[in-house]
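User: I would like to go through this model step by step, with the reasoning shown for each answer. Please start once the structure is on display.

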Amino acid sequence: MQYSFTGGATMEHKRLKGFPEDFLWGSASAAYQVEGAWESDGKGRSVWDEFVRIPGKTFKETTGDVAVDHYHRYKEDVALMAEQGLKAYRFSIAWSRVIPQGNGEPNEAGLLFYDNLIDELISYGIEPIVTLYHWDLPQSLQDQYGGFESRQIVKDFTDYAELVFQRYGDRVRYWVTLNEQNVFISHGYSRASHPPGVTDSKRMFLANHHANLVNASAIAKFRELGLAGKIGPSFAYGPNYALDASPKNVLAAENAEEFNAHLWMDVYAWGEYPPIVMNYLEANGIAPVVTTEDQKLLKKGTPDFMGVNYYQTNTNAYNPLDGVSEGKMNTTGQKGTSEESGIPGLFKTVTNPHLEKTNWDWEIDPTGLRIGLRRIASRYHLPILITENGLGEYDKLTAENEIHDQYRIDYLRAHALAVQEAITDGVEMLGYCTWSFTDLLSWLNGYQKRYGFVYVDRDETDEKELARFKKDSFYWYKDVIASNGANLE
């Protein structure tokens, strides 16, 4: 396939600044999507281990039971990272691997796995970036008290975080608390497409508030322990545009930015809920109870940086009170099958006529990344670490075991160039982690939606030998890293 890119090549600056010398050129993964070994060495079950067994929830009933077997092949994978020259690798710890029940006794075998992974990375000079939570809540905590719907989650997560900080804090300098809280909360409690698979706005905003407390408490614990390094959340940000200059559509885009961005990042950065959103939640009887102690904790747990997962922008239009709500998502890779969605009375998300879409209907917008980075820098005055950015597509393995993914090279080049433009604009950037290093399980989309620099030979029905093959993009990114981005233009 071929994609054309709007933006990313227009140079408003006479000359672009170079990337910082210590810029973290990296790549990323999540435990559930790569590790496999779902019941090995004392690991407990996570909510995803259970959720994928509900018929119809994932593409072709795919699971992460084996995934790409990173648990047993991490040395091979890290050696490939070293060959590429990665400066950083972001991965997540599976909570249920290190504390099988979520609280109670830790599992030494699980802790040792991450010791070994971290040491292997460091032996090659690769900076480990550790994510504490990438969606795989221990199932036991969901069973005990409803997971994020109970305040008990704050203590249990903080105890887990303290265990991990003390175990790995001598070697890990970059920490991500929660990955895409906005996604696992909204998909879990609004779309019912993630665990716990319900549709209940009041429960959603309660769970979200507890997740905010979890995030702040973990950051506060990190600081209390006096560890060196930086810590912050990772937010899935899709900057919002108005469809046109119609005031109704502009207001819809403002609403979307409030409810899809400020609701989360204002709490992270300032410890405060945006008043427009809270007024709406209170008027509709779905606001969480925020105590004085909650407010103190939220302000105590502000981050060192804002982690950003960026894939697309959102274009918005007026949505009346009797308008659209949650539309169908495209999880099959059949282009054009997604539906409009929104919040009646606030906004709906519509197709942007100026942008091309992937086969999963994600709009491709490198300039949107630059816009988003500038918005965050201007509003929050925080450095930014891009924790995910990448293209999920069909990749073809040739008879010679080659993968010619020029479309991915074009995509990543345009987005990395947008980062350089943002740096030139004055945004402080810590690094750029692509999604992902190897191919992996795409939560709802199976194994056909590939993101990696390294092709893993398996599909939904056949694990095959799980052989690794380097794609053309592997070599392109190797050159980018070696030149510290000097060759992007």
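Analyst: The model shown here is predicted. Ser-40 is a convenient place to begin, and it sits in the loop that connects helix H1 (31–34) with helix H2 (47–51).

User: Is Ser-40 buried, partly exposed or exposed?

Analyst: The relative accessible area of Ser-40 is 22%. Because buried requires a value under 20% and exposed a value over 50%, the loop residue Ser-40 counts as partly exposed.

User: What separates the C-alpha atoms of Ser-40 and Tyr-71?

Analyst: Along the chain, Ser-40 and Tyr-71 are 31 residues apart. In space, the separation of their C-alpha atoms is 9.5 Å.

User: Which strands stand at the edges of the open sheet?

Analyst: The sheet consists of 4 strands with mixed pairing, in the order E6-E8-E10-E9. Two of these strands have a single partner each, so one side of each is left without a neighbour in the sheet. The edge strands are E6 (240–242) and E9 (341–343).

User: Which residue in E10 is the bridge partner of Ala-317?

Analyst: Strand E8 (residues 314–317) and strand E10 (residues 347–350) run antiparallel and are joined by 3 bridges. Within E10, the bridge partner of Ala-317 is Lys-348.

User: How many residues in the contact of H7 with H9 are nonpolar?

Analyst: The axes of helix H7 (residues 152–168) and helix H9 (residues 201–224) come within 9 Å and cross at roughly 35 degrees, and the crossing is right-handed. Among the residues that meet are Phe-157 and Phe-165 in H7 and Leu-213 and Phe-222 in H9. Alongside 3 polar and 2 charged residues, the number of nonpolar ones is 9.

Notes. Residues are numbered from 1 along each chain as its sequence is written. This is a predicted model: local features need pLDDT of at least 70, side-chain atom pairs count only at pLDDT 80 or more; totals for chains, interfaces and linings use all residues. Side-chain values use heavy atoms; hydrogens and water are left out. Two strands pair if DSSP finds at least two bridges between them. Helices (H or I, at least four residues) and strands (E, at least two) are DSSP runs, numbered from the N terminus. Buried means under 20% relative accessible area, exposed over 50%, partly exposed in between (1.4 Å probe, protein chains only). Axes are lines fitted to C-alpha atoms, for helices over the stretch in contact, and angles run from 0 to 180 degrees between N-to-C directions. A crossing is left-handed if the near helix is turned anticlockwise from the far one by less than a right angle, and right-handed if clockwise. Contact means heavy atoms within 4.5 Å. Ala, Val, Leu, Ile, Met, Phe, Trp, Tyr, Cys and Pro count as nonpolar, Asp, Glu, Lys and Arg as charged, and the others, Gly among them, as polar.
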